[in-house]
Amino acid sequence: MPQTNPIFRVENVSKILGGNKIIDKVSLELNKGDLKVLIGPSGGGKSTLLQCMNLLYLPDEGDIYLEGDKVNPSKKAALYGFRQQVGMIFQDFNLFDHLSALENVAIALIKVKKQSKAKAGERAMQELDRVGLSDKADLYPAQLSGGQKQRVSVARALAMDPKIMLLDEPTSALDPELIGEVLAVIRDLAASGMTMVMATHQIAFAASLADEFVFMQDGRIVEQGSPQALMDCTPVSRTKDFCSKLAELYGEEA
Amino acid sequence: MPQTNPIFRVENVSKILGGNKIIDKVSLELNKGDLKVLIGPSGGGKSTLLQCMNLLYLPDEGDIYLEGDKVNPSKKAALYGFRQQVGMIFQDFNLFDHLSALENVAIALIKVKKQSKAKAGERAMQELDRVGLSDKADLYPAQLSGGQKQRVSVARALAMDPKIMLLDEPTSALDPELIGEVLAVIRDLAASGMTMVMATHQIAFAASLADEFVFMQDGRIVEQGSPQALMDCTPVSRTKDFCSKLAELYGEEA
Amino acid sequence: AEKTYVNGIDANFPPFAFVDKTGKPNGFDVEAVDWIAAKLGFKVVHKPMDWDGIIPSLNAKKIDFIASGMSITKARAKVVNFSIPYWTIKQVMVVPKDSKLTPKDILKSGKGVGVQRGTSEAKWLKTNMDKMGWKFDRVLYDSAPLSVEDMLNGRIVAAIMDDAPAKDMAAKKPIKILGEFGMPTEDFGYAVRKADKDLLEMLNKGIKMLKASPKWAELEKKYELK
Amino acid sequence: METWAFIIDEVVPYLNQGLWVSIQLIIPSALGGILLGVVVGALRVYGNPFLKVPANIYANLFRGTPLLVQLFIIYFGLAKLGLKFPPFTAAVLGFVLCSGAYHSEYIRGGLQAIKEGQLKAAKALGFTTFQSVVSIIMPQAFRRALPGCGNEVVYLIKYTSLAYIITCVELTGEGKILAAESFRYTEVFLVVGLYYLVLVTLATWGLRRLENRLRIPGFEQS
Amino acid sequence: MLESLNVVIDAMPYILVGFLETAGLVFGAMGLGLLMGVPLAVGQVYGNRVVRFLVGIYVWFFRGVPVVVLLLLFYFGLFSLIGLNLSAFASAAMVLGLTSAAYQSQIFRGSIQSLPQGQFKAAQALGMSNRVAITSIILPQALRFSIPGWSNEYSIILKDSAVAFVIGVTEIMARTHFVASRTFEHLPLFIAAGLLYYVLTYLGVTGLRKLEKKVRIAGYSH
Ligand SMILES: Nc1ncnc2c1ncn2[C@@H]1O[C@H](COP(=O)(O)OP(=O)(O)OP(=O)(O)O)[C@@H](O)[C@H]1O
Ligand SMILES: Nc1ncnc2c1ncn2[C@@H]1O[C@H](COP(=O)(O)OP(=O)(O)OP(=O)(O)O)[C@@H](O)[C@H]1O
Ligand SMILES: [Mg+2]
Ligand SMILES: [Mg+2]
């Protein structure tokens with residue numbers, strides 16, 4: 001890997017939750033335009049890591065660097081500014097229950113970016129349209145199907161024009177058609193230079209986009225490499241099992 | 001299809017939500033041991049149909065028959081008894097927030113099946129073990145990862161030994177390894193004669209198990225047939241698009 | 001201009017002080033003070049107060065004096081100054097109209113006898129019951145009318161209170177006054193702050209003038225105090 | 001110095017009797033009120049119309065009228081109809097009924113803050129509505145309502161002072177008597193206030209402990 | 001019977017003036033309580049140690065000390081001491097408001113803590129400052145869930161305002177007492193006063209209930 005200037009860097013981050021070390025000295029570097037895919041078994045710590053990267057969980061150890069600068073979580077202004085630049089899509093969506101789909105997308109534009117309501121609404125509508133939900137703009141989260149909720153959460157993050165996107169299973173609730181669409185959105189973003197980390201179980205779908213696969217287990221990065229290397233199943237202990245299971249499953253109809 | 005006695009029958013069911021007809025005159029028959037897979041675009045009405053089948057949504061029109069008998073939702077005792085025999089896994093899990101993983105699985109055994117705490121606990125532990133979560137038994141939903149929550153919800157439904165299982169995306173949050181494991185559980189159930197309806201987007205994974213694919217769109221069953229027929233993409237209007245998109249996506253690495 | 005004084009009254013103490021149908025303070029004490037004020041050339045405002053907060057209010061200068069059927073007692077005299085006594089009050093026992101009991105029966109009956117909490121009669125009964133060899137259950141009420149209410153409900157057999165309110169009540173409720181039962185009489189006086197010597201003097205002067213005038217008898221008659 | 005002697009020799013022993021009565025009033029009233037509130041609150045949200053309507057009427061009536069008036073009617077009013085409760089019973093009855101009405105509203109609020117998915121999941125497992133409410137919804141709703149219910153318990157502690165109006169002489173009653181007799185309002189009510197402060201502190205502490213014990217790991221904010 | 005009714009009717013104009021006083025007190029107290037209660041609750045949930053401790057003390061003090069004592073303390077003591085020359089009415093409204101703030105803060109705290117953490121996290125992830133996250137995401141939801149509790153507090157304060165008489169504010173209850181003392185018609189008068197309170201409570205509570213339904217979030221029970 002050429003030693004360019006990483007736009008985002010995770011250094012030696014650890015996080016303890018409920019007495020257990022859930023993230024254990026994880027380091028990760030992202031260059032501008034990178035798309036890294038986080039894979040690994042359930043409970044491996046992917047969601048926790050993503051939330052550490054956004055400083056939603058303050059790491060117990062280690063630091064986060066954005067564009068070379070260490071982010072100091074105790075400086076409020078810096079923290080909020082940082083989070084604004086780092087978009088996040090949650091595994092369980094976390095839509096704002098009291099706001100309609102449109103308002104969910106628009107609120108941060110209004111409150112954080114201080115846009116006018118009209119302008120924010122327009123932009124929100126565009127984003128909803130992009131994920132095929134312009135006709136559901138007025139529905140509330142409880143009235144949306146699983147896939148619709150997930151797409152609203154994608155639209156909400158994109159509307160903020162972040163520099164970096166953290167995506168926690170952004171396609172888990174989608175049907176293949178929509179996965180295609182959302183992945184196309186992600187591909188466009190990647191093409192336009194967006195830096196992204198995506199946790200996903202839909203490895204097959206993601207492989208075509210990823211620059212690098214990062215395999216996490218028990219809070220540690222066990223293996224890191226190009227999708228090809230991983231899909232070819234280099235015989236590296238744990239990853240190998242995982243891949244062979246993968247192959248077996250996919251093999252059934254591939 | 002031989003005209004055997006269907007164990008479960010949905011007849012002409014419609015459901016209106018928020019002023020829109022979300023389910024529109026849907027009929028479906030299940031013979032003992034059937035495993036039908038519900039597919040279709042996001043917002044097509046899969047979750048709503050499953051909840052109608054369980055009478056969690058009372059249909060605005062149409063009836064549900066279990067083992068030939070029409071279920072009368074206004075007779076409370078009959079309704080509760082019916083629901084006990086019909087297991088359900090929710091798309092967004094709906095774990096009981098105030099109970100640990102173990103208690104989530106055990107509570108219905110204790111309260112509904114009137115088992116002793118000890119016996120229920122033992123059974124719950126077995127089920128958690130089956131989904132690989134025996135070491136997380138004491139954690140609460142808010143402390144579980146996405147995949148862990150989903151597996152608890154699978155264990156919770158299985159512990160009740162239902163006659164029919166309705167599964168709403170039971171593997172969406174799982175990694176390929178676990179999908180394999182959960183599908184193996186489902187395969188075992190199918191083998192032991194359990195009747196199941198599973199909504200899923202992971203069509204490729206499901207194809208190996210399904211007796212029949214049911215394609216839902218805009219609240220209607222648009223197409224129904226063997227997985228083979230569907231995977232081969234018989235050129236039937238809407239379904240064709242869906243399948244070709246599917247093929248395109250899978251094609252990329254298959 | 002004329003000086004204005006505020007008189008704090010317990011508007012729950014007819015006939016000495018109460019609020020009339022139009023909502024204005026009225027009563028024996030109120031009219032008496034009005035008469036004195038007119039004669040001595042000052043203005044007076046009557047302010048209904050909570051009896052519990054009336055002395056603190058006086059000392060916090062929210063009111064200037066209390067002319068409202070207040071008994072002169074040693075304890076009170078420690079915190080306020082009293083005018084010359086203007087009225088002597090007796091404590092009497094009342095029973096339902098159809099009751100056949102005598103005060104003696106009642107005081108030895110072991111049954112309930114009602115009395116307003118915090119009053120001098122309540123205190124006197126407490127300290128003297130045993131001395132007198134009486135046996136009854138002293139039940140404390142928030143006000144004398146409530147004790148009568150409960151007496152008519154049959155929970156207690158008699159109630160003890162000042163004679164003036166007892167007369168007032170006997171006119172409106174099916175009760176009768178049995179008369180005194182052995183408690184010494186008490187005097188009413190106006191209360192003023194210790195520091196306000198001038199006001200005290202003026203009030204004393206006013207009381208003397210009033211008692212010497214025919215207005216006094218008129219008031220006694222009007223409020224059925226004699 | 002003289003003040004201290006007065007407080008220690010007269011006020012404290014005197015008020016202690018009242019304190020004891022207060023405690024006897026508070027404990028059954030608080031427990032009874034919560035129990036009634038939980039039942040009525042559940043009925044107001046999940047009951048059938050035959051139970052919901054009376055439950056709502058009860059709650060509105062008892063929240064709508066002053067406790068003083070309620071005690072009055074229970075003690076003096078019902079006596080006219082031949083129902084003569086002893087003062088202590090009347091007081092506890094009044095407190096339980098009034099407190100229950102308020103608790104029911106806090107509980108109702110708690111119940112309505114529970115997402116529908118919880119009830120659905122319970123029903124899908126074959127729970128009856130009753131069972132779902134008892135073992136799934138109420139335990140969650142109760143946790144949410146607890147800070148509010150704590151308010152009501154604190155109010156109740158202070159409202160027990162109204163018992164004096166129906167001849168049940170407790171802490172405040174004794175305080176008023178002593179103050180009127182001695183005319184040392186400041187000292188007496190200072191001690192009365194302190195006693196209540198202690199009672200409320202104990203209750204707050206107990207409620208806080210209960211809240212912490214019932215805290216759901218990982219769920220709540222900070 | 002008829003006589004009693006006449007007494008009540010005669011007394012109505014007089015008592016109704018107290019109705020205005022009561023309504024004014026409640027309006028002031030609830031307003032001040034809301035204004036202070038929300039920040040107090042936010043402080044208790046999201047504040048640092050010092051803030052949480054201070055809020056704890058505030059709540060403990062104002063819930064712990066009986067309002068009568070506070071009224072006497074503030075009206076006769078503190079307010080004059082700091083040179084604040086407030087009328088009895090303003091003092092009463094203020095003291096009731098300060099007290100209500102303590103109670104209201106607990107109602108709001110319960111609602112805030114019943115929101116899943118994900119809501120706050122999602123707001124933070126969008127770059128919202130804590131202040132914005134709280135005001136535009138947490139409070140809009142929490143305040144909705146607080147409406148039942150708030151309506152409780154309203155109906156309690158409504159009746160609690162009767163204590164204001166201790167510093168000479170003649171509201172409904174004081175006036176009722178006066179008339180009762182003169183006419184000896186306690187029961188009917190108290191029932192009439194109860195009805196007046198009921199009207200005020202009913203208006204407030206139904207209004208709040210309407211509001212609650214209007215702002216109800218889809219996906220929560222009933
Ligand atoms: N608040 C908490 N307290 C205790 N343990 C926690 C808490 N939150 C998460 N964990 C544990 O941390 C581990 C990692 O969770 P995480 O959500 O990061 O996994 P994941 O890799 O995202 O899994 P999945 O693919 O299933 O979403 C899990 O075992 C989980 O039980
Ligand atoms: N309570 C409601 N009020 C109004 N519309 C609703 C409500 N619930 C669901 N809908 C609408 O019904 C449609 C079907 O929803 P459903 O959840 O059944 O879809 P689905 O097929 O399960 O989709 P997915 O694959 O995304 O989970 C959606 O368009 C949704 O917006
Ligand atoms: Mg995860
Ligand atoms: Mg669905």
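Between which chains does ligand 2 lie? Select ligand 2 in this predicted model and display whatever surrounds it: the ligand lies between chains A and B. Of the 21 residues around ligand 2, those that come nearest are S145(A) and G147(A) on one chain, and K46(B), S47(B) and T48(B) on the other.

**Around ligand 2**

Keep ligand 2 selected and add the helices that contribute to its shell, where α5 (146-159) of chain A and α1 (46-53) of chain B each supply at least two residues. For the polar contacts, begin at G45(B), which places a backbone N or O atom 2.8 Å from an oxygen atom of ligand 2, and continue to H201(B), where a polar side-chain atom lies 3.0 Å from an oxygen atom of the ligand. Chain A takes part through G146(A), a polar backbone atom of which is 3.3 Å from an oxygen atom of ligand 2. Taken alone, ligand 2 exposes 650 Å², and the protein buries 92% of that area. Colouring the shell by residue class gives four nonpolar, 14 polar and three charged residues.

**Around ligand 1**

Move next to ligand 1, which is surrounded by 20 residues, the closest being K46(A), S47(A), T48(A), S145(B) and G147(B). Because the residues surrounding ligand 1 come from chains A and B, this site is shared between chains. The helices to highlight here are α1 (46-53) of chain A and α5 (146-159) of chain B, each of which supplies at least two residues of the shell.

Three residues of chain B are worth labelling at this site. Q143(B) has a polar backbone atom 2.9 Å from an oxygen atom of ligand 1, while G146(B) brings a backbone N or O atom to 3.3 Å from an oxygen atom of the ligand. In Q148(B) the side chain is involved, with an N or O atom 2.9 Å from an oxygen atom of ligand 1. The protein covers 93% of the 640 Å² of accessible area that ligand 1 has on its own. In the shell around ligand 1, three residues are nonpolar, 14 are polar and three are charged.

**A helix pair in chain D**

Leave the ligands and select residues 129-159 of chain D, which form helix α6, together with residues 185-214 of chain D, which form helix α8. These two helices pack at an angle of about 170°, with their axes 10 Å apart, and α6(D) and α8(D) are therefore roughly antiparallel to each other. To see where they meet, show side chains including F142(D), L146(D), V153(D) and I157(D) from α6(D), and Y196(D), L199(D), L207(D) and L214(D) from α8(D). R143(D) and K158(D) of α6(D) and E211(D) of α8(D) are also among the residues that make this contact. By class, the contact of α6(D) with α8(D) has 13 nonpolar, one polar and three charged residues.

**Chain E and the chain pairs**

Now select chain E, whose secondary structure comes to eight helices and zero strands. Its C-alpha atoms, taken along the principal axes, fill a box of roughly 70 × 50 × 25 Å.

Finally, show every chain and look at how they meet: of the seven pairs of chains in contact, chains D and E share the most contacts. Chains B and E, by contrast, are joined by no contact, although their closest C-alpha atoms lie 9 Å apart. No contact joins chains B and C either, and there the closest C-alpha atoms lie 49 Å apart.

How values were computed
Residues numbered from 1 in each chain as written. Chains lettered and ligands numbered in written order. Predicted model: local features only at pLDDT ≥ 70, side-chain atom pairs only at ≥ 80, totals over all residues. Heavy atoms only, no water. Axes fitted to C-alpha atoms, helices over the stretch in contact; angles between N-to-C directions. Helix = DSSP H or I, 4+ residues; strand = E, 2+ residues; numbered from the N terminus. Parallel < 35°, antiparallel > 145°, perpendicular 65-115°, else oblique. Contact = heavy atoms within 4.5 Å. Nonpolar A, V, L, I, M, F, W, Y, C, P; charged D, E, K, R; others polar. Near = heavy atom within 4 Å. Polar contact = N/O pair within 3.5 Å; in protein donor to acceptor, adjacent residues only side chain to side chain. Areas by Shrake-Rupley, 256 points an atom, 1.4 Å probe, with all protein chains shown as cover.
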